Amino acid sequence: MSVLRKSVQVAVISDSICPWCFIGKRALEKAIVAVKEKLGEEDVEVIVKWRPYFLDPTLPKEGVNKMESYRKKFGEARIAGMLERVKGIGAQSGIQFSYGGKIGNTLDSHRLIEWADQFGKQNEVVEAIFKRYFEQEQCLSDISVLVDAA
């Protein structure tokens with residue numbers, strides 16, 4: 001039996017509506033696997049803690065059309081290239097970005113992620129939230145979406 005020699009805690013500051021955060025999560029997961037392969041599964045422990053950040057704290061609880069919000073924020077000229085770039089990079093990580101649906105306030109999603117920490121399930125809940133928003137076009141300010149993610 002090996003003695004645990006390394007313990008690393010990683011704090012990820014993220015918003016549930018940030019596509020780069022979803023892509024970054026996949027990259028972090030790959031890095032953790034690589035470290036464990038190199039140092040030995042039993043010799044390293046990586047604890048990931050998810051912390052809240054609000055890309056747009058003014059988003060309404062009821063949500064607004066995602067594409068209209070993007071157009072307003074980034075402008076029509078930039079939006080097509082931005083979305084295609086994110087789609088391409090996401091696909092390399094197994095993420096199928098879809099841009100329909102609504103975008104809403106993420107306070108309750110952050111509350112759910114914090115609640116999941118007491119059960120050691122933050123990573124699983126974050127994954128479920130990201131999938132619902134980015135791949136299934138569900139609005140994260142809808143409490144039923146968050147209940148399903150829990």
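Good morning. A residue counts as buried when its relative accessible area is under 20%. With that cut-off in mind, I turn to the structure, which is a predicted model.

I shall begin with the overall architecture. The protein chain holds six helices and four strands. Read from the N terminus, these elements follow the order β-α-β-β-α-α-β-α-α-α. The C-alpha trace spans about 55 × 30 × 20 Å along its principal axes. The chain has 150 residues, and 40% of them count as buried. If we take the contacts between residues at least 6 apart in sequence, 79% join residues at least 24 apart. The exposed area comes to about 8,700 Å², with carbon and sulfur atoms supplying 56% of it. As for charge, the chain carries 22 positive and 21 negative charges, and the mean positions of the two sets are 3 Å apart.

Let us now consider helix α1, which covers residues 19-39 and contains K25. Is K25 buried or exposed? Its relative accessible area is 3%, and K25 is therefore buried. Leaving aside residues up to four places away in sequence, K25 touches W50, N123, V126, E127 and F130. K25 also forms a salt bridge with the side chain of E29, at 2.3 Å from N to O. Both residues of this pair belong to helix α1, and they are four residues apart, about one turn of the helix. In general, an α-helix has 3.6 residues a turn, so residues three or four places apart point the same way. E29, at 28% relative accessibility, counts as partly exposed.

The next residue along, R26, is also in helix α1. R26 has 13% relative accessibility and so counts as buried. With residues up to four places away in sequence again set aside, its contacts are S93, G94, I95, E127 and K131.

I move next to helix α4, residues 107-117, where D108, S109, H110, L112, I113 and A116 are buried. What covers these buried residues? The cover includes the strands β1 and β2 and the helices α5 and α6.

Two salt bridges involve this helix. In one of them, K49 pairs with D117, and the closest N and O atoms are 2.7 Å apart. This pair links distant parts of the chain, since K49 lies in strand β2 and D117 in helix α4, 68 residues apart. K49 is itself buried, at a relative accessible area of 18%. In the other, the side chains of D108 and K61 meet at 2.5 Å, N to O. D108 belongs to helix α4 and K61 to the loop between β2 and β3, so this salt bridge ties together parts that are 47 residues apart in sequence. D108 is buried at 17% relative accessible area, whereas K61 is partly exposed at 46%. Elsewhere, salt bridges that share partners join K25, R26, E29 and E127 into one network. Across the whole structure, the search finds ten salt bridges.

Finally, I come to the surface. Which residues form a nonpolar patch there? They are I13, Y53 and L55, which together have about 300 Å² of accessible area. Of these, I13 is found in strand β1, and its relative accessible area of 54% makes I13 exposed.

Thank you for your attention.

Conventions. Residues are numbered from 1 along each chain as its sequence is written. This is a predicted model: local features need pLDDT of at least 70, side-chain atom pairs count only at pLDDT 80 or more; totals for chains, interfaces and linings use all residues. Side-chain values use heavy atoms; hydrogens and water are left out. Buried means under 20% relative accessible area, exposed over 50%, partly exposed in between (1.4 Å probe, protein chains only). Contact means heavy atoms within 4.5 Å. Accessible areas come from the Shrake-Rupley method with a 1.4 Å probe; for residues, only the protein chains shown count as cover. Lys and Arg count as positive and Asp and Glu as negative; His and the chain ends are not counted. The place of a charge is taken as NZ of Lys, CZ of Arg, CG of Asp or CD of Glu. Patches are made of residues with over 30% relative accessible area and no salt bridge: like charges are joined within 9 Å, nonpolar side chains (Val, Leu, Ile, Met, Phe, Trp, Tyr) within 5 Å. A salt bridge is a side-chain nitrogen of Lys or Arg within 4 Å of a carboxyl oxygen of Asp or Glu.
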